[in-house]
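Here are a few notes to go with your first look at this one. Keep the viewer open while you read.

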Number of protein chains: 2
Amino acid sequence: MKADFPKAPLVLPAAEAEVMRVLRNNGQTTRPEISRVTGWSRAKTSQEVSSLVKKGILKDVGEEDSKGGRKPRLLRLNNHLGYVVGVDIGATSLEVALADVNGQILQRTAEPADVRDAPEVLLGRCRKIIQSLAEKEGISAQLILSIGIGVPGPVNFSRGVLVAPPLMPDWENFPIRLFFKEAFPSALVVVDNDVNIMALGEQRSGDAANVDHFLVIKIGTGIGCGIMVNGKIHRGSDGSAGDIGHICVDKSGPICRCGNRGCLEAMAAGPAIEESAILAAKEGKSEFLRERMEANGGKLTPEDVNMACREGDEAALEIIRTSGKMIGDVLAGLVNFFNPSHIFITGGIANFGNHLLIAIKRAVLRRSLPLATTNLSINFSATGPDAGVVGAIMLALEYLFVVEGSKPYYGSS
Amino acid sequence: MKADFPKAPLVLPAAEAEVMRVLRNNGQTTRPEISRVTGWSRAKTSQEVSSLVKKGILKDVGEEDSKGGRKPRLLRLNNHLGYVVGVDIGATSLEVALADVNGQILQRTAEPADVRDAPEVLLGRCRKIIQSLAEKEGISAQLILSIGIGVPGPVNFSRGVLVAPPLMPDWENFPIRLFFKEAFPSALVVVDNDVNIMALGEQRSGDAANVDHFLVIKIGTGIGCGIMVNGKIHRGSDGSAGDIGHICVDKSGPICRCGNRGCLEAMAAGPAIEESAILAAKEGKSEFLRERMEANGGKLTPEDVNMACREGDEAALEIIRTSGKMIGDVLAGLVNFFNPSHIFITGGIANFGNHLLIAIKRAVLRRSLPLATTNLSINFSATGPDAGVVGAIMLALEYLFVVEGSKPYYGSS
């Protein structure tokens, strides 16, 4: 006897798909919340919810805490629908999580990895990890409805392939979607870049729930940006939106790996911070950095600069302030252009704490227009190291429910 | 006997509203076109169209030219629905047009005006013009369903008021919507800034029909930008999106009226071009400009610089190239961030022709990433001087049909 496994995506009428969208941002919701977000009447909301409950997609799961009065009943997705997987591939690590359709992580694994490996090797490992997580959870891999994958490079979203990825040239045009489809034929596979994934994670578990327009800025070896417009990722007409690392900050600055001079990334990201630190050590501006450099065999990392900052080292503080100011100057322009209500800063360098954040904020406030900054909040992301894998799960869920008759987001494969 | 006048907005189920959106972009459409844009099956498209025809909203109006095969029948809005008005208020002029619900202009008037006049005076003139256009057309003003108004300053879109408008301080917070509602109680009134209006005009009558993501750059006394995301104007979280005139291009540049140094507007817009031209004339770099300046009583206009360019005057050409390069450098950053497929240049300075356009293009191509520029088109807007009033009509039409149960875009007034 053949089991009746589900097939993703699940097709819904427009109004029911809209309910799914409210639900996805919060993981759970109530009827009054749906009415508030959609603007629907109580009657219409009830009708749509009932239809979804009848179909076995939604479940009434209990009462919400509320002070006095009638307690609205909580709505969640019915876990019997199946499972989703989030894969977060970083430059040096790999994280895979199996979750229920409500986005609750059931099993997870993180491993060191090197994206310079061939895609078959690294993605082959991912496939095996997914199989083993399913086994641990005691479920058939055929119950996996959707797999969301984040990769550290520019993605052509509709084709699901990397385009000219600087960190991983062998991955160019590798058919990631097909590779996973071979192992999990019933699953939907969605591929996106790491910063977009983080923006989705922010929307789910961060301070960005129900925020219409926000930016996530990732500062690490490079600098990238995830753009949320009306609660949806803006990927642009070629999928390259958010590539802010190569915006010019100084026409006479150093040459960037893209070939231009004075790109933000070349002047303010991790490697630039390292170079400035080495220079400060050599020029005798920082005793702390000089000692660290000697201990490290002539090298310094952003983490060394961070430690120096914590010790109150003036040269290190100046390096971080300079970096923050350059990032803030670029963000000021983007704030004038895009007028977001929130900017979330994340990535390795973002761990540097308040000196960086204050420098960024000052530059934005000084250079942006008052109307655009009155209600603007700039803060570190509160989602922490989980943002990547949570975002990948959200990516998997994002296309799980599609509107009846709509075009699929993805190409032919 | 009281006539049964229509009341805007007209409320439609989601799918029917989607048909309206396809129609609005092109003015007319066909069933195959609706299927193509929405991704619907032929059956579903036919069903939605039939429902709209039955309601008296759509009309089958004849056959489209087509080479061989069956000719798909054209669909347009039923003109019996009523009329709309577009009002385009510029710094020195005023244009009002009465159109049918298909956006075809029936009557129009343009007059000189001065936005430094009190809003009651200038908008009072607009109300009278609308009345007189309705009379000329022989219709009751009560048949006007919607009035779209473009103003040359920052607009809080949901409130329909100007916020800190530099050209027209007396207009701050003036209740424009209420003022028109008094005269036309049955009409919907929508207010937006001039560049957003132009972006809507571009979408209707320009090369931007069916383009998802594009920018309209207006270069005149100031520099502004209209942003189209997924075919909808992006106004940002405070309605200030697109205010690119105050993005910094030179930290040590001249002080701008916003108080900062080296804003794009202060360095590359009309007044900056005039100043550079006067300097070139005084320093003896251009005989042509010196003569014009003497003839003008010590003054020069951007138009003088334009004329000098046409005469091949090297100093004038250099002024235009410098301006274009600065605008292009800012656009390069926005292209990396936003990844539009089209940029349309418009406004008074845009009449300067190819020297300006070439300088802008060069700067963008040099500084943007290849993935973002491979398919990018940068050109002058082809809609010409009509863009404003056509856009205001499109604004009036944009909110005429609303989805059943959805929140109105506008506030309480």
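Let's start small: which residue in β15(A) does A:K218 stand opposite?

1. It's A:T346. Keep in mind that you're looking at a predicted model. The two strands behind this pairing are β12 (residues 214-219) and β15 (residues 342-346) of chain A, which run parallel and are joined by 5 bridges.

2. Now zoom out to the sheet. In chain A, 5 strands make an open sheet in the order β14-β13-β12-β15-β16, and the pairing is mixed. The edges belong to β14 (232-233) and β16 (377-380) of chain A; each has a single partner strand, so one side of each has no neighbour in the sheet. As background, strands of a sheet pair through backbone hydrogen bonds, either parallel or antiparallel.

3. Next, find helix α6 of chain A, residues 194-205. This helix lies across β12, β13, β14 and β15 of chain A, and runs at about 50° to β13(A).

4. On to the two chains. Here 46 residues of chain B are in contact with 46 residues of chain A. On chain B's side, the elements giving two or more residues are α1 (14-26), β13 (223-229), α11 (314-338) and α13 (370-373). Of these, α11(B) gives the most, with 6 residues. By type, chain B's side splits into 20 nonpolar, 19 polar and 7 charged residues.

5. How do the copies relate? A turn of 180° with a shift of 0.0 Å along the axis lays chain B on chain A, with an RMSD of 0.1 Å. That is the relation of a two-fold axis. Both copies use the same surface: 100% of chain B's contact residues recur in chain A.

Notes:
Residues numbered from 1 in each chain as written. Chains lettered and ligands numbered in written order. Predicted model: local features only at pLDDT ≥ 70, side-chain atom pairs only at ≥ 80, totals over all residues. Contact = placed C-beta atoms within 7 Å. Helix = DSSP H or I, 4+ residues; strand = E, 2+ residues; numbered from the N terminus. Nonpolar A, V, L, I, M, F, W, Y, C, P; charged D, E, K, R; others polar. Least-squares fit on C-alpha atoms with pLDDT ≥ 70 in both. Pairing = 2+ DSSP bridges. Axes fitted to C-alpha atoms, helices over the stretch in contact; angles between N-to-C directions.
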